[in-house]
Amino acid sequence: SGVLALVGVPFALFYGEACLSGSWVTLIPGAERLWVQQSTWAGTGETGDRLPFTIAVRNRGDEPVVLYGAKVPCSVRVFDRLPVTIGVGERLEISGSVRLPGSEGLFATRLQFFTTAGRQAVMYSVVTGRVLPQAAQ
């Protein structure tokens with residue numbers, strides 16, 4: 001009998017204020033391999049603004065995977081209808097929007113997605129952005 005390993009190789013790409021990051025997760029032979037964009041930059045705005053975002057998911061496995069649900073905070077709306085099937089080799093973009101919080105500065109909001117991808121049954125991504133200071137009136 002052997003020991004099964006879960007290996008993730010994280011990466012990040014930076015361009016100005018934007019950051020694209022993700023990780024390849026390799027499971028046992030024959031199991032699904034799902035890539036999820038671990039973070040996305042929604043942008044900059046004022047308290048209460050609603051900014052759009054997208055999160056990319058790619059099925060690198062040998063079987064279709066169903067993305068069937070999401071757990072997100074009240075400030076986030078996911079626009080895509082779930083469940084959705086991601087075919088072998090397909091890439092899907094999940095779109096939504098985030099309402100900016102009341103505190104100025106950087107923010108991060110964690111999202112949780114549920115799949116039929118075996119040991120990758122739960123995927124996480126983070127929406128980030130910047131809240132500008134309130135203008136004096």
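Colleague: Which residues touch the most other members of the largest nonpolar core?

Modeller: Keep in mind that this is a predicted model. The largest nonpolar core holds 21 residues. Within that set, the residues touching the most other members are Phe53 and Val98.

Colleague: Which strand gives the most residues to this core?

Modeller: Several strands take part: strand 3 (34–45), strand 4, strand 5 (65–71), strand 8 (91–99), strand 9 and strand 10 (122–131) each supply at least two residues. One of them gives the most, with four residues. That strand is strand 4.

Colleague: What does Val98 touch, once residues up to four places away in sequence are not counted?

Modeller: Try finding Val98 in the structure and looking around it. Its contacts include Ala42, Asp49, Arg50, Leu51 and Ser75. The others on the list are Phe53, Val76, Phe107, Thr109 and Val127.

Colleague: Is Thr115 buried or exposed?

Modeller: Thr115 sits in strand 9 (residues 105–115). Leaving aside neighbours within four places in sequence, it is in contact with Leu34, Val65, Val66, Leu67, Tyr68, Gln120, Ala121 and Met123. Its relative accessible area is 3%, and the cut-off for this class is under 20%, so Thr115 is buried.

Colleague: Which residue has its backbone oxygen 2.7 Å from a polar atom of the Thr115 side chain?

Modeller: A good place to start is the list of residues in contact with Thr115, which includes Gln120 and Ala121. The backbone oxygen that lies 2.7 Å from a polar atom of the Thr115 side chain belongs to Gln120.

Colleague: Which side chains meet in a salt bridge?

Modeller: Side chains of opposite charge can pair when their charged atoms come close. The count here comes to one salt bridge. Its N to O distance is 2.8 Å, and the partners are Arg91 and Glu93.

Colleague: Are Arg91 and Glu93 buried, exposed or partly exposed, and what are the values?

Modeller: Buried means under 20% relative accessible area and exposed means over 50%, so values in between count as partly exposed. Arg91 has 45% relative accessibility, and Glu93 has a relative accessible area of 39%. Both are therefore partly exposed.

Colleague: Which element of the chain has the lowest mean pLDDT?

Modeller: For the chain, the mean pLDDT is 80, with 75% of residues at 70 or more. Among the elements, strand 4 (residues 50–59) has the highest mean, 95. Over residues 1–20, however, pLDDT is below 50, although this stretch has 38 contacts in the model beyond near neighbours in sequence. The lowest mean, 44, belongs to strand 1 (residues 7–15).

Technical notes:
Residues are numbered from 1 along each chain as its sequence is written. Side-chain values use heavy atoms; hydrogens and water are left out. pLDDT is the predictor's confidence in each residue, from 0 to 100. Contact means heavy atoms within 4.5 Å. A salt bridge is a side-chain nitrogen of Lys or Arg within 4 Å of a carboxyl oxygen of Asp or Glu. Buried means under 20% relative accessible area, exposed over 50%, partly exposed in between (1.4 Å probe, protein chains only). A polar contact is a pair of N or O atoms within 3.5 Å; within protein, one must be able to donate a hydrogen and the other to accept it, and residues adjacent in sequence count only if both atoms are side-chain atoms. A nonpolar core is a set of buried Ala, Val, Leu, Ile, Met, Phe, Trp, Tyr and Cys residues joined through side-chain atoms within 4.5 Å.
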